4 protein chains.
Amino acid sequence: MVVIMKRGFAPEELEKAIRTMEEGGVKVMVSKGSETTILGAEGNADGIDQEKLSLLPGVERVMRVTEPYKKANRKYHPEDTVIDLGGGALVGGEKLAVVAGPCSVESEEQIVGVAQAVKAAGAAALRGGAFKPRTSPYAFQGMGNDGIRLLQEARAVTGLPIVTEIMSTDNVEMFEMCVDVIQVGARNMQNFDLLKQLGKTTKPILLKRGLSSTIEEWLMSAEYIMAGGNEKVILCERGIRTFETFTRNTLDLSAVLAVKQLSHLPVVVDPSHACGKAWMVERMSMAALAAGADGLLIEVHNDPPHAKCDGAQSITPEQFTDLMGKLGTLAPCVGREL
Amino acid sequence: MVVIMKRGFAPEELEKAIRTMEEGGVKVMVSKGSETTILGAEGNADGIDQEKLSLLPGVERVMRVTEPYKKANRKYHPEDTVIDLGGGALVGGEKLAVVAGPCSVESEEQIVGVAQAVKAAGAAALRGGAFKPRTSPYAFQGMGNDGIRLLQEARAVTGLPIVTEIMSTDNVEMFEMCVDVIQVGARNMQNFDLLKQLGKTTKPILLKRGLSSTIEEWLMSAEYIMAGGNEKVILCERGIRTFETFTRNTLDLSAVLAVKQLSHLPVVVDPSHACGKAWMVERMSMAALAAGADGLLIEVHNDPPHAKCDGAQSITPEQFTDLMGKLGTLAPCVGREL
Amino acid sequence: MVVIMKRGFAPEELEKAIRTMEEGGVKVMVSKGSETTILGAEGNADGIDQEKLSLLPGVERVMRVTEPYKKANRKYHPEDTVIDLGGGALVGGEKLAVVAGPCSVESEEQIVGVAQAVKAAGAAALRGGAFKPRTSPYAFQGMGNDGIRLLQEARAVTGLPIVTEIMSTDNVEMFEMCVDVIQVGARNMQNFDLLKQLGKTTKPILLKRGLSSTIEEWLMSAEYIMAGGNEKVILCERGIRTFETFTRNTLDLSAVLAVKQLSHLPVVVDPSHACGKAWMVERMSMAALAAGADGLLIEVHNDPPHAKCDGAQSITPEQFTDLMGKLGTLAPCVGREL
Amino acid sequence: MVVIMKRGFAPEELEKAIRTMEEGGVKVMVSKGSETTILGAEGNADGIDQEKLSLLPGVERVMRVTEPYKKANRKYHPEDTVIDLGGGALVGGEKLAVVAGPCSVESEEQIVGVAQAVKAAGAAALRGGAFKPRTSPYAFQGMGNDGIRLLQEARAVTGLPIVTEIMSTDNVEMFEMCVDVIQVGARNMQNFDLLKQLGKTTKPILLKRGLSSTIEEWLMSAEYIMAGGNEKVILCERGIRTFETFTRNTLDLSAVLAVKQLSHLPVVVDPSHACGKAWMVERMSMAALAAGADGLLIEVHNDPPHAKCDGAQSITPEQFTDLMGKLGTLAPCVGREL
C-alpha cells in the first residue's frame, strides 16, 4: 500500500496516517520530499482499512499494490489447479473438458437421450437445469427435485457426472448429496450467503461470472468459497453485458486469458448463453479453446424448437458431435487434447 | 405480438406459425402482401412462447408489443401506489420520504444516536445494515442478529420504522417479524428464490436495481414479489455500472422518470451508494427530487472516518439536517412536500 | 508519480528506473524496505513516459498521482470561468444560460419563428444544426451553408447569439466568421485535428462529451483546445451509452458535479439528446439545474411531428415557456437565477 | 415496417398513418382486429421517416423490419467481398491477411527494419502511424508527412503495401496518392465528413469499430463510404469499451461472426489495441482466427520498451515470427490458409 499526502499537510496528520497504517500491522517507510510525501507499507497490508485511511485529513490518495484475493491468486499458488468433476473427468489439465446438455431437464427420455448422445461424442459431464433462474415469474421455473432425480438417472445410465445450478441456500445439503458439480449462476455470483455455504461443501463449484462483474470481483467470489474451505472452484466466463444487442451478451475471451494469469483455477467458457444464438456456438467454442479455456459448457437439446427454454441457443446432438470433431482437430494447435 | 414471415416461406410453415400462435391462446390476423406476410395476435399473447415461435422455419422475426410485467404495470393500475413504511410514514404520495442511517449498525450508541439525529431532522425511517454484502470475505460482514436487535432498540427509542437488507432466504421469517421494510440489495435483485419468498411476506420490500439491470428486468423482479402476493414494492435506483470510474456507479435519474411512467410503484433514490462520495450526496439528492423521486435513501454516520464500512459516502447528522432544509425548500418547486 | 519495484529486482534495474525518471525531469526519492521498494517523483512528472517506465525490467507498477490536464484543471485555476456566448450572454456565472432551438434549421420561417419564441421565453442563445451528423448516409444531412445564413438571419432579428455544430476542419474559418459559439458533437469529441484547429479560433467552443468518454478524456479534449490558445471551452453532458435502451442514452448528472470540482470550465446539460423523449425534458432539465449545471441545451421545434430530425425529443415553444417558468422558480433553491 | 395503432385510435388517425406510409412509397396492408390494429408496409420503406410516423397521434409503435444498410448488406450481396490491399495481397478470401508494424513510424531504420522482419515472417502489409490520435495534446503526435515518406520507403524496400491512419479531411488527397490502404480510427468511425470524402477515393478503407459503436452503426459507417462510391471497405474489430479495466478494451469476437453473417465485407481483428498487453496478443490472434476473422492487425516493434507509443502492446519481430508459425498451424482447422 502506498499513501500520498496532500501538499501542506500538518505534522499531526502525517503522524495519524503513519499510526493508522502501523495499527494495521505494517512497517511504514516515509519518503519526504519538498513537495511530495509518500508513505509505503512494508508487510501484509490486509489489516489496514483502505477507505478509512483515505478519509484521514492530510491524505490525498491511497493506492493498493497487491490483489485482494489470496487463495485464488496464482502468485501464491503457481501451479494450475486440476479438479475432478466426478469419476475421474478432470478440468484444468491438458485435456479439454466439455460439459454438455440441455438448458432444462424436461423428461426422462429427453435427459437420458441427450446424455447418451453427448457421452458418445466425448463430453466429460452432463449439464441440465432443474431449478431455473427466469427473468419472468410466469416462465417455466424448472422441474425442481424431479429434475435432479432425472439427472441422477441419466448419470446412472451414462456414467457422466452431473452439473446443475443451485438457486437457494435451502438446497445446499441436497445438492451436496445428489449432484457432482454445483453451478452458481451469473445472477447469484454475489449471493454471498450462498457462496459461504458452498464453501463448506465438498463438491466442485462452477462459478459463473456475473453479467457486469469485473475479473477482480469474480475472483473475490471464488475467494469467498475458498475461504470457507472448498478450494474446488471452476470459473465460467459466460458473456458480460454491454451496449451491443445483436448478441445476448458479449463473450469476453480476453478475460479467460487474464484469469489464467491471475489465478490458478480452471476456467471454462459458455458460448451458448453468451451469444444466445445456436449458429454462433461452433466458432465461439473454437475461439475459446484457442484463447486458452480449460473447458466448455455447451447447450445441447434433442429438439431445440420445442425446448422449454433457451431453444434458440441450443445445438442438436448431431451438431455437437460435429463440433467435438472440430475441437479435436484444433486442440493440438494450442497444446491441448480432447 | 407481431410475426414477420421470411420471404418465400412454404404454406405449411405459415400454417405451423398460425397454429402455434393459436395454441398460445390468441386469434391470428394474417396480412398477406406480395412480398411481406405479417401475423398479428389478437388477445393476450402471454401464453405464446416467443422464443419457440421465432425458431419455427419460415419465421423471420417475432416482435413483442406489450410489456411482460402486469401487476407492476401502470397501464393496468393507473393510480400511484402509496406504501406505509410503518407507523404511518408513507412513500409514493405527495410527501417525500427520506430514509436515513448508517451503512452498518455498529453499536447501540451509534445506531440510537444516528436514529435520534435523523428523526429530529425529519427522516421518515431509519436504515442500517445488520447483514452486509461485502465483495471481500475478509471484510466486516455486519453484526447479524445483534444488529437487528439494535435496530429494534433504535426504533423503540425514536418511533422510526426500520429498513434493513436481507441476504438469505434463511432469514425471511425473522425479518418478517422484526423489521418494518425489507431491503433487497442490488446484487440480489435477481435472486429469484428470495424474491418468491418475499412475495409471501406482508412487509414492504425495498427493491434495489441491479448494477447492470435494465428497467424492464427491474420491474420483472418487482413482478416476482407481487405475483407471490405482496404488492408493497418500493423501487430504489442506486446507480448502474458503466465505464466511468470517477463515481462508484452512474446514477440513472432518467430511470426514475421512466419507471414512474411505466409503473405505479413508488421509486426512491440512493445517491450515497451511486456516487460513493459524501460531497456529492447533497446535490444528487436535490437532483433526484427534481427528477421526480418519491423518496431518498441517505447514508448518515456520526463519525464517517471511523465507519466500519462506506465511510467515504456517509454524511454527518449535521450535514443531513442541512440537506433536509434544502430539500424542504426545493420540494414545492416540484409539487412535493417534505 | 510513484513506482513500485518487483520483488527481487536487480540493482541495475533499480538504477535504470531511477535514471529514466530523472531524465524525465524529476528528483527521485527511494524508499527501500526489506520487501518493498518504492520510488517517488519530486517535481513535474509530465516529462516521464509512464508506459515506457512501466515496461522496464524490475518495475512492477507505475502509478500517476496528478491529473494529465493542466489548463482545464481547477487546481491551477480555482476561480470559475465565465464565458460570453456573444452579446453579453454569460455562461458559468450565477445566471443559468439556456440555449434553445431546433435540431435542424429547416426554413427561414421555422428558425426565425423558433428564435423569437425562445427569446421571448428567456433563452440566452439560439441553437440549430446546419451540418448534421446522421448515422445513415440516406438521412437528411442538414441545409449546410444555407442553414448558417438562416441562423444569421434569426440572430439579426432576435439578437440571440447562435450556436451550431461543426463537422469538418474545412469549415473552421467560415464558422469563426459566421457563428457565435462553435459546437463539437459527441462523435467528434476525439477528432483531434478539429480540436487543434478550434484551438486557434477566438470563438467559444461547446464541447459535447463523447458517448463512451470518461470524464478525464472529456477534459483532455478540452485541454487540446485550450493548449492551442482558445481557453473558452464550455463542456456539455449529453448522455453516455450504457446497456439501458429505454432512453436513447443515460444522462450522467453526477458527471456535472464531478467536472465542476475537477475543472473551472462551465458545464451545460443537453437533456433532449440524452433521453430522446420530449416528455422527459422538463424533469431532467430541473434535475440538471439542481445538480449544478451552468446551463441547458434544449431542443425546441415549432412542429415536432414534422421536424426533419429528432422530432421525438423536441418540445414546443409553449412547453419551453412553461419549462422556463419552472426553472425560474427552482433556480433560487440552488443559489442561481434565470 | 410494421405499425401498431393505439387502442381506441380515431379513424382519422388511422387514415393519417396510412397516408404517411403511402407517401413514403409503400403499399399498406391493414389488419383490423377488435383490440389490435396493425399496419404492414409492402415494398421499400426507406422513404418513410420512422420517427415522424411514431409521433403521429394514434400510433403506439413503429417497428423496422429490414436493416438500414444496403450496400454493406449480405442479403443483397451474398458473395464474400475480396479486397486487394495492394500488389495482390488479398483480404476476404481463403488466405488470412496479416497486417503488421509499429504503432508509430519513428525513423527510417525502425520502419524499414520492422517491415523487412514482418515481410520475412509472412505479413501481407505493413502498418505504421504517421498521424497519431493521442488522448493528450502533450503526447507525441506522430511524424506526419515525414512518416508517410518513411512508409513509402519501407514499401519500396519490401514491396509490402502500406496501411496508415488518416485523421483529417485535409489529408485525403495526399493519402489517396501515397498510401495503399487508408485506416479510419475508432475515434473517427462517425466522422461523417471524413467518411464521405473517403467514399470518393479509390483506395481500400480499413474502418475500425468505434469504442462504443453497435454493429449496426459500424455497418452504417461502412455504408457511408460505399454510398459515396468506394465499395472497398475492410472492417476492423479492435475492442469495445466496457466496465472491465484489466484489459484496455474488451475484444468482441462474436461481433466478427455477426458481421460476417450480416455483411459481405471482410473483417479483421486488432488484438493489440483491444487488449493493450503484448502477452495477450498471441492467444487473442489465434482466437480471432478461430472465430472467423479474415485477417489481423498486429503491432510489432523492434524495441517495445523504447517505442514512442503503445510499447506495452507491441510484440517483437521474433514473437511475430513465432505467432505466424502458430497461425499457420491453426489456419487449416478453420478452413483457411496463411
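**A tour of the interface between chains A and B**

Across the boundary of chain A and chain B in this predicted model, 28 residue pairs are in polar contact, both partners at pLDDT 80 or more. Select chain A and colour its helices: helix 2 (50–55), helix 6 (192–198) and helix 7 (215–227) each supply at least two residues of the side that touches chain B. Helix 7 of chain A gives the most to that side, with five residues.

Next, display the side chains of A:Glu217 and B:Arg241, which meet in a salt bridge at 2.7 Å, N to O. Between chain A and chain B the count is two salt bridges.

Now select the contact residues on both sides: 47 residues of chain A are in contact with 46 residues of chain B. A surface calculation on the pair gives about 3,700 Å² buried between chain A and chain B, with 49% of it on carbon and sulfur atoms.

Then turn to the symmetry of the pair. A turn of 180° and a shift of 0.0 Å along the axis lay chain A on chain B with an RMSD of 0.0 Å. The two copies are thus related as by a two-fold rotation axis. The same surface serves both copies, as 98% of the contact residues of chain A recur in chain B. To find the axis, select A:Ser212, whose C-alpha, at 2.9 Å, comes closest to it among the residues of chain A.

Finally, move to chain C and select two cysteines. C:Cys103 counts as buried because its relative accessibility is 2%, and C:Cys309 likewise counts as buried at 4%. Over all chains, the structure holds zero disulfides.

Definitions and conventions:
Residues numbered from 1 in each chain as written. Chains lettered and ligands numbered in written order. Predicted model: local features only at pLDDT ≥ 70, side-chain atom pairs only at ≥ 80, totals over all residues. Heavy atoms only, no water. Least-squares fit on C-alpha atoms with pLDDT ≥ 70 in both. Contact = heavy atoms within 4.5 Å. Disulfide = S-S within 2.5 Å. Buried < 20%, exposed > 50% of the residue type's maximum accessible area, 1.4 Å probe, protein only. Buried area = accessible area lost by both parts, 1.4 Å probe. Salt bridge = Lys/Arg side-chain N within 4 Å of Asp/Glu carboxyl O. Polar contact = N/O pair within 3.5 Å; in protein donor to acceptor, adjacent residues only side chain to side chain. Helix = DSSP H or I, 4+ residues; strand = E, 2+ residues; numbered from the N terminus.
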